[in-house]
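Hi,

Here is the model I promised to pass on. Have a look at it first, and then read my notes below.

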Amino acid sequence: MTNRTRLHISDEAIQHANETAKRIREQYGAGKRYIVESYGCQMNAHDSERLRGMLEIMGYAPTDNKNEADFIIFNTCCVREHAEKRVFGNVGALKKLKDEKPSLIVGVCGCMMQQKAVSDRLYKRFPFVDLIFGTNELHEFPQMFEKVLMGERIKRVQDLEGEIPEGLPASRTSTLSTNVVVMYGCDNFCSYCIVPYVRGRERSREISDIIDEVKQLAKQGYKEITLLGQNVNSYKSADGHDFADILYALNDCEGIRRIRFMTSHPKDLSEKLIDAMTNLDHVCNHIHLPVQSGSDRILKLMNRKYTSAHYMHLVDELRKRVKDIEITTDIIVGFPTETDEDFEATLDIVKRAEFSAAFTFKYSPRTGTAAAKMDGQIAEAVKKQRLKILNECCAEATKKSNEKYIGTIGEVFVEGMDARDIPLGYGRLGNFKTVYFPTDRDLTGQFVNVKITGIKNSSLFGELI
Ligand code: SAH
Ligand code: SF4
Ligand code: F3S
């Protein structure tokens, strides 16, 4: 434990959490079952792994069956509006279960709860919800849970000081590939986005803590890690390391064959990072680089701080220097005041950048963000129509990007078996393309060479060699 900054949650507080968890195991944990449901991004999923880790120390075991669960918690997201409706619906649906089994504990946590108006509303509307907390209280979960077990009802949503927890357990969902958070929060304030308000200010873990965690994971048998942050390339440690330094430090970590990272912001994508991607053999040739729009006027209103020309310059550099790189992206349609011409510019950049895959969204106004107050909100029908056209355009780009691989041989890290028709193995190339191939043997967890022979929906198809 070196280089602790004032941003770090104290070792004593973490120890207290772990000790409370052990006490719960002795007093309450025997035979108990839990469900943690995640609604958000990988950061949200990782927080859920931390919750599971703490629950398992408490003696609780996972279940998929709501009827046998003693504790159900929803880890929420609020990046788009529909998420809210879904969570309120799913929480409401638990009332019947709680009436039948009053000992059931119901919790709601995560980004949506960090919006105080929303957590207040949920608290009032559903008196049977026992536990509500935000994104900054994860390390206090055992203490809050213990109080709930003793009959209290708890809602704890603090203002975001922006802290770094080290040393919380995690129960990871995959045994092959996993996420490692390198930084928390976001300072970019893209005008449409709620994340900076619910995740707080940017703060970076110490590079030594990241290396220790990855070494530990390698020892457990993980072969692939994804370094996570809302904007990984603005990583800056207290002792002056940047994101590329993490890649250099991890490239030699024994056992780790693939290093991925997300998400990268185009405004901060440095030469040094492109160099690292070019030079380091374990860093994957894939980048998720959200463009959001192809129109400079809209990009400015979005507060993205780059132009479409700069974005295309990055794409060209990446393609020139990183062998067989694939680029994926996020795009929003129907941002306030977006005209047909702006939208055309987005279609244009999709064609020029030849994205391998794109996550596309209709703009969704979020209370408290700058864009929600802008004039010129776009009608739902227009957004819908644009999304449809954009998706067709992206599917075309994916197809084009996939066709390049027919006849090539690639290394696939096998993630599992798909037995719907004939038994197929599936996994990814370094550049994130999914490949299916027929095999009778379950090769999960192995690296195999596959000759690409065709396309299967938005993925590749091939045969083992
Ligand atoms: N930090 C990451 C991820 C942010 S959320 C990044 O900057 O890329 C993931 C995606 O959700 C964003 O890239 C954006 O495309 C989309 N998104 C965020 N807020 C949105 C909103 N209000 N409406 C629609 N899409 C949104
Ligand atoms: Fe949101 Fe922008 Fe931060 Fe991404 S970079 S989380 S889109 S504010
Ligand atoms: Fe992630 Fe949603 Fe929060 S995208 S950071 S879980 S608002």
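A quick definition before the ligands: on a 1 Å grid over the protein atoms alone, a pocket is an open set of points where a 1.4 Å probe fits, with protein on both sides within 12 Å along at least five of seven lines. Ligand 2 takes up the space of the largest pocket, and so does ligand 3.

Now the caveats. This is a predicted model, where local features need pLDDT of at least 70, side-chain atom pairs count only at pLDDT 80 or more, and totals for chains, interfaces and linings use all residues. Residues are numbered from 1 along each chain as its sequence is written, chains are lettered from A and ligands numbered from 1 in the order in which they are written, and side-chain values use heavy atoms, without hydrogens and water.

Around ligand 2 (a heavy atom within 4 Å) you'll find C186, N188, F189, C190, Y192, C193, V195, P196, Q230, H265 and R304. That shell has 7 nonpolar, 3 polar and 1 charged residues. C186 counts as buried (under 20% relative accessible area, 1.4 Å probe, protein chains only) because its relative accessibility is 8%. C193 is buried too, at 15%.

Ligand 3 is surrounded by G40, C41, N44, C77, C78, V79, C111, R199 and Q230. Its shell splits into 5 nonpolar, 3 polar and 1 charged.

What about disulfides, and how many does the structure hold? It has 0, counting cysteine sulfur pairs within 2.5 Å.

Cheers

Methods
Buried means under 20% relative accessible area, exposed over 50%, partly exposed in between (1.4 Å probe, protein chains only). On a 1 Å grid over the protein atoms alone, a cavity is a set of points where a 1.4 Å probe fits but cannot get out, and a pocket is an open set with protein on both sides within 12 Å along at least five of seven lines; lining residues have an atom within 4 Å of a point. A molecule sits in a cavity or pocket if more than half of its atoms lie within 2 Å of its grid points. Ala, Val, Leu, Ile, Met, Phe, Trp, Tyr, Cys and Pro count as nonpolar, Asp, Glu, Lys and Arg as charged, and the others, Gly among them, as polar.
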